[in-house]
Structures are given as structure tokens and as C-alpha cells.
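Here are a few notes from my read-through, meant to go alongside your own look at the coordinates. Have a scroll around first, then come back to the points below.

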Amino acid sequence: MRSALFWIIAVFLVGTLIVVTMLPHIHHEETATQSPPASAQSAPVARQVASRATVPPETNTPVATNLDALRRGIPINQEAMPLPMAAVENNDVPRERNYPMQPPTIPHSIDNYQVDKNYNRCLMCHTRANAAKFNAPAIAASHYVTREGQVLAQISPRRYFCTQCHVPQTNAKPLVGNTYQYDTAVIQAAAKNGQ
């Protein structure tokens, strides 16, 4: 009898502890569900909120307005309108490499290209045998070398999945500025300045 009474009291205490622990979370979820969805707010209201977010406070604390370039200054409690889809470059003009050993980018669309363990659509044009026929750059000799240094007649499995390194490009405007310079440009500028 004493044992049963002990377990009843223990279960009651544990249950009470769980309820007390969960109360703040339940209250927070109820508050969140009562606020109107971001899409229900009108555009002028959204702009007012966004402009208030960029107004510096009266203190001398600097305002970090560009911490999240992906949100484009839109407050975190509002949903950003997606930008238009960028168009994939499809001109077959190779881009200049930006640094030594950079994998060349793909200057054409690869939508619906099958690249899996059974078939590689890229090899149809870029193998040594077909490159001249399709006027495509042939796969580099390094892609026929295994990890152990063995030269194969076919592309090495470690280089088989082309899109691990090679990617198509789009005409999307960069979200943030970039002042990167190719190393030869830096060397030439330093030589010109006598450094």
C-alpha cells in the first residue's frame, strides 16, 4: 500500500514539473499564432517597418543594416518577395579563370543533364574522342589519373561527377560587392607602384 502511494505521489510531482516547465513555451506559441501573417501586412506598412529598421537609434551605437544581404534589409518578421529567376548563361563563351587551378565554369545550360553512376551526359561532348566533333573543350589529362597516380583510358571515378567542381553561371547581380583581383593583376599593380 505504501509503495502504491509513493508511486502516485511521484507521478503527480513529475507531471506537475513537466507542466510548469512547458508553460512558457505554450504561452510563446499562442502569442506567435495570434500575430497576423507577414503576407497580410500591406506593402506601405512593410516599407515603414523596413525604414524604421535602418534609422539609427539616438545612441551612438552603429546600426548594422547590411548584416544580412540576402534579406535585403527586410525585417526578420516579414517575408521577402523572391527576386526574379536569373537566366543561365548559354553562349558557349568560356569565362576567364579567377585564380590558378580554378575549375572552368560551364558556359551553357545543363538543365536535365543526367550525371549519375550509369550515365554522364557531359562525356558525350567532352571526351577526347568527341571533343573535336562537338567543338567542345576536351577533359583535362588530370581527370584520367586515379588517386593513386594510375593513368586510365577512361575518366577517373574521382573526377566523374562533373558538377562537383564545374558549375554554370547566371546573369544574377551579386548580392554583395566584391573587390577580388586576380593575382597577376595585383602583381602588376604593385610593380607599377614600385613596391
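**Notes on the model**

1. Before anything else: this is a predicted model, so please treat every value here as computed from it.

2. Cysteines. There are 0 disulfides in the structure. C122 is unpaired, and its nearest cysteine sulfur, on C162, sits 3.9 Å away. A disulfide needs two cysteine sulfurs within 2.5 Å, so that pair doesn't count. As for its surroundings, C122 is buried, because its relative accessibility is 11%.

3. C165 is not in a disulfide either; for this residue too the nearest cysteine sulfur is that of C162, at 9.2 Å. C165 comes out as partly exposed, with 49% relative accessible area.

4. The largest pocket. If you're thinking about where to look for open space, the largest pocket holds about 1,000 Å³. Its lining has 36 residues, and P104, T105, H126, P137 and H166 are the ones nearest the centre. By class, that lining splits into 21 nonpolar, 9 polar and 6 charged residues.

5. Backbone oddities, part one. D92 isn't a glycine, yet has a positive phi of about 60 degrees. You'll find D92 in the loop between α2 (43-54) and α3 (123-126). With a relative accessible area of 53%, D92 is exposed.

6. Part two. N112 is another non-glycine residue with a positive phi, here about 65 degrees. N112 also belongs to the loop between α2 and α3. Its relative accessibility is 80%, so N112 counts as exposed.

Key
Residues are numbered from 1 along each chain as its sequence is written. This is a predicted model: local features need pLDDT of at least 70, side-chain atom pairs count only at pLDDT 80 or more; totals for chains, interfaces and linings use all residues. Side-chain values use heavy atoms; hydrogens and water are left out. Buried means under 20% relative accessible area, exposed over 50%, partly exposed in between (1.4 Å probe, protein chains only). On a 1 Å grid over the protein atoms alone, a cavity is a set of points where a 1.4 Å probe fits but cannot get out, and a pocket is an open set with protein on both sides within 12 Å along at least five of seven lines; lining residues have an atom within 4 Å of a point. Grid points are joined across faces, edges and corners, and a volume is the space filled by probe spheres set on the points. Ala, Val, Leu, Ile, Met, Phe, Trp, Tyr, Cys and Pro count as nonpolar, Asp, Glu, Lys and Arg as charged, and the others, Gly among them, as polar. Helices (H or I, at least four residues) and strands (E, at least two) are DSSP runs, numbered from the N terminus.
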